[in-house]
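Subject: Structure handover

Hi,

Here is the structure I promised to pass on. Have a look at it first, and then read on for what turned up in it.

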Amino acid sequence: MANRQDIILVFEASDGSLSSTRSTRIVVEANLPPVAAFNAPNTISAGQTVTLDGTPSSDPEGDALVYRWEQTAGPPVTLNNANSAIATFTAPASTGTDEVFRFRLTVTDTFDASGTRNTAITLPANSRPVPDAGPDQSVSSGSTVTLDGSGSTDPEGDAITYEWVQTSGPTVTLSDNTVVNPTFTAPDTLGQDVDIEFSLTVRDATTGTADLVEDTVTITVLANRPPTADAGPDQGPIDSGQTVTLDGTGSADPDGDQLFYTWVQVSGTPVTLSDPSAAQPTFTAPSVMGNESLEFSLTVTDVDGQVKVLPQQIDNVVIEVRAVGSITLIPQITGRDTQVSFTSDVAALDTTVATSGGTAQVTASSVAAGSYNVSVADLSADGYVITAINCNDTDSVVSLSARSVAIELSANEDLVCTFSAVNSRETASAAIYNFLTGRNALILSHQPDLQRRLDRLSGTAGARAGSGSITAYGVPVPGSERLPVQAEIASGSVRVSSNLSMALGFGEEAERKFDVWTEAYFSRASIGQQDGDFRILYIGADVKVGESLLIGALVQQDKFSDRGNLDVGEAEGDGWMAGPYLTARLGPNFYAEARAAWGRSENTVSPLPGQVDAFDTSRSYYAGSLIGQFDIGQLTTFRPEVTVRYLSEKQAEYTDGGGVVIPSQTVAQGDVSFRPRVSHMIAVGDGWTLRPFAEVEGIYTFGTDPDQAIANALPVGFSPVLDGLRGRVEGGFDLLGSGGLRATLSGFHDGIGSDDFASTGVHVGVSFSF
């Protein structure tokens, strides 16, 4: 209500004969209008979302308010939520002058009383961008020049456009005059520097023509300078018939211009150049009597195609051609240095030379043209095989089997014959040594799983139907096999299990004393530079003697095959070993195992290209392990293991395909490993138990350095492919059945931390107890 109101209420009471009245006055105060208030910025920027906040408005009586925003002046904008307490609008693009936007807020209460308030917001005028045409440049004619306007800026950060205009100098064509970095090709100059000037103008979306400013840059194209000719050093004496190459590549242009070459013969027996305009033309040395000088002149010009040629652009070269020949014999030895004897009808070549660093040389000079013979002595007693005889002509005839060459020496010819020999004894011995150390490392790390024997001694098996057992700290309780329950008390834990099938088979199954088993590893392996496939198969059987001892025997068959054809220095082969083993339980959580085996192998090695030889070895193997087995909770077991393994393999002496005797050698190596393993038992029903496991093994290999006797047959600087510390990981599961059946499947990788050894594959195993 706009005005104050008085309300009088009268109350009358009557009993029919008498009445009484009473009155009261109620005063209703007049309504007060609301007060408009808001928050808004004074200055804004182009593209900004501007918030008009009327929430500070209030009503004296606390009445609900209705808001209405309206623009009263300035460039029109769209108000969002104009009938809400908070309205917004987007600031338009800036112009060349300041723009003022005026808004009014009206707030109305429930009695239509209202209040208003106005505000003004300023959008400052746009600032013009600042051009930067980049620094002045000095370039050579013919080069690609890049202008750089990237230093141009706009105060408000607006996108800008570019316009390049050439203002002086020889006309050039810009790749695109509207981009920040246009390019052009520097024009040719005529003996003096030339300046080319460009101006850069930049605009933003609101820059007017009157507001434009520009920046300039000057590109100086340096004057062309003449090239300098270089016909190369004098050559010779050159034999008649030989190909001679003239060499003008030493010529240069100070400006980096392309060069044009012109060769002219000045004197001597005329010859035909392959291309007189090439930097390196060739010709065939002519037949001459005695010595003769051939002189050639080289003239070079640059891309300007000079008409006047300066003295520095001409250079001459002299080629000496001779009519005598020479014969040079070069023994090239792969292996230890040795003495090489030649037999020849040229006196200077009938001699013995000692190689140094694998080579030697003997030369007969001034040899008359004609036919000669040279042969090299048999070096097989020293372990060498002559693998090639090569001469640098086309008419000499080589007989590799006779280790000789029939020489046809032409006039002015410098004949060089190279006799290549390889110490196949060293090559074969080194290849065999590396192969055996690598394969032995594979055999040592691919041994049968100890867990099967530990399970036999600890009584771990699948949920056997009708077969009970109770053990206390590894000691069986007499008569417990007749109970329908399995229990184990060890390391502070108690494990008890039973099932209906055990109850139904109560007391019907006897202890299983015998076990027949087989295991196999299949892997892809790398030994040094050789990649191959390795497999090893074990077949064995053991018997349980008492409660704490297993005695058994096994046969092993292994094979390493190269993945492809044997290259020089590579070997492959297969072998076997057989022998006994013994596993004993030393205490509730401790076990020991010892094993020995003996056998042989048949192998092949490639000591030389195209040559493969067979060799045999005999083997012996010894190993011992100490194992702990500790329960972690009810179903998880931790098994640390320390093992020492030793494998000795003796290669028998043999004679290779080149008639070289390869002496016997013994490769004896061992390793020490520490292998912690964690497994967990999972009952899967019907008398079967699944036991996943994972293990990490650290392996230290020792003994791979050859002794002095073997080292004498190995190349100088030989080092074995395997030695020191490496890691191996394996993970998989065991499947344990109630009927004495056990299966294993796992994957592994060996060679962690080794650069020269690796093996990755799978491990499978099956056993049956009865």
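To start with the overall make-up, the protein chain has four helices and 50 strands. Please keep in mind that this is a predicted model. Of the 770 residues in the protein chain, 44% are buried. If you take the contacts with a separation of 6 or more, 65% of them are between residues 24 or more positions apart. The protein chain exposes about 36,100 Å², and 54% of that comes from carbon and sulfur atoms.

Now for the sheets. Going along the chain, you can begin with an open one made of three strands, in the order S4-S6-S7, with antiparallel pairing. Its edges are S4 (66-73) and S7 (114-123); each has a single partner strand, so one side of each is left without a neighbour in the sheet. On average, neighbouring strands here are turned by 20° against each other, ignoring direction. Strand S6 (residues 99-108) is joined to S7 by ten bridges, and if you want a place to look, Arg102 stands opposite Ala120 in S7.

Another open sheet has four strands, in the order S8-S13-S12-S10, and its pairing is mixed. Which strands stand at its edges? They are S8 (137-140) and S10 (161-168), and each has a single partner strand, so one side of each has no neighbour in the sheet. Neighbouring strands of this sheet are turned by 30° against each other on average, again with direction ignored. Inside it, strand S12 (residues 194-203) and strand S13 (residues 214-222) run antiparallel and are joined by eight bridges. Phe198 is the residue that stands opposite Val217 in S13.

Further along, strand S18 (residues 292-301) is worth a stop. Strand S16 (residues 260-267) pairs with S18 in the antiparallel sense over seven bridges, and Thr262 has Thr299 in S18 as its bridge partner. S18 is also joined to strand S19 (residues 314-322), by eight bridges and again antiparallel. There, Leu298 stands opposite Asp315 in S19.

Among the helices, take a look at H2 (residues 451-458). How many of its residues are buried? Eight of its eight are, so to speak of H2 as mostly covered is fair by the under-20% cut-off on relative accessible area. The buried residues include charged-type names you might not expect to skip over when scrolling: Arg452, Arg453, Asp455 and Arg456 are among them. Just after H2, Gly459 takes a positive phi of about 80°.On the surface, there is a nonpolar patch of about 770 Å², made by Phe514, Val516, Ile682, Val684, Trp688, Leu741, Val766, Phe768 and Phe770. Strands S33 (514-527), S46 (682-685) and S50 (757-769) are the elements that give two or more residues to the patch. Ile682 sits in strand S46 and is partly exposed, with a relative accessible area of 35%.

S46 also pairs with strand S47 (residues 688-702), in the antiparallel sense and over three bridges. Trp688 in S47 is the bridge partner of Gly685. The hairpin of S46 and S47 has two residues between the strands, and in it Asp686 takes a positive phi near 55°.

Last, the salt bridges. Side chains of opposite charge can pair when their charged atoms come close. A search of the whole structure finds 34 salt bridges. One of them is between Asp734 and Arg677, where the closest N and O atoms are 3.2 Å apart. Asp734 lies in strand S48 (residues 724-736) and Arg677 in strand S45 (residues 677-680), so this pair ties together parts that are 57 residues apart in sequence. Asp734 and Arg677 are both buried. Asp734 forms a salt bridge with Arg742 too, with the closest N and O atoms 3.3 Å apart, and Arg742 is buried as well.

Glu697 and Arg728 make another salt bridge, with 3.8 Å between the closest N and O atoms. Glu697 is in strand S47 and Arg728 in strand S48, 31 residues apart, and the pair links distant parts of the chain. Are these two buried or exposed? Glu697 is buried, with a relative accessible area of 2%, and Arg728 is buried with a relative accessible area of 2%.

Cheers

Notes: Residues numbered from 1 in each chain as written. Predicted model: local features only at pLDDT ≥ 70, side-chain atom pairs only at ≥ 80, totals over all residues. Heavy atoms only, no water. Pairing = 2+ DSSP bridges. Axes fitted to C-alpha atoms, helices over the stretch in contact; angles between N-to-C directions. Buried < 20%, exposed > 50% of the residue type's maximum accessible area, 1.4 Å probe, protein only. Patch = residues over 30% accessible without salt bridge, like charges linked within 9 Å, V, L, I, M, F, W, Y side chains within 5 Å. Areas by Shrake-Rupley, 256 points an atom, 1.4 Å probe, with all protein chains shown as cover. Salt bridge = Lys/Arg side-chain N within 4 Å of Asp/Glu carboxyl O. Contact = heavy atoms within 4.5 Å.
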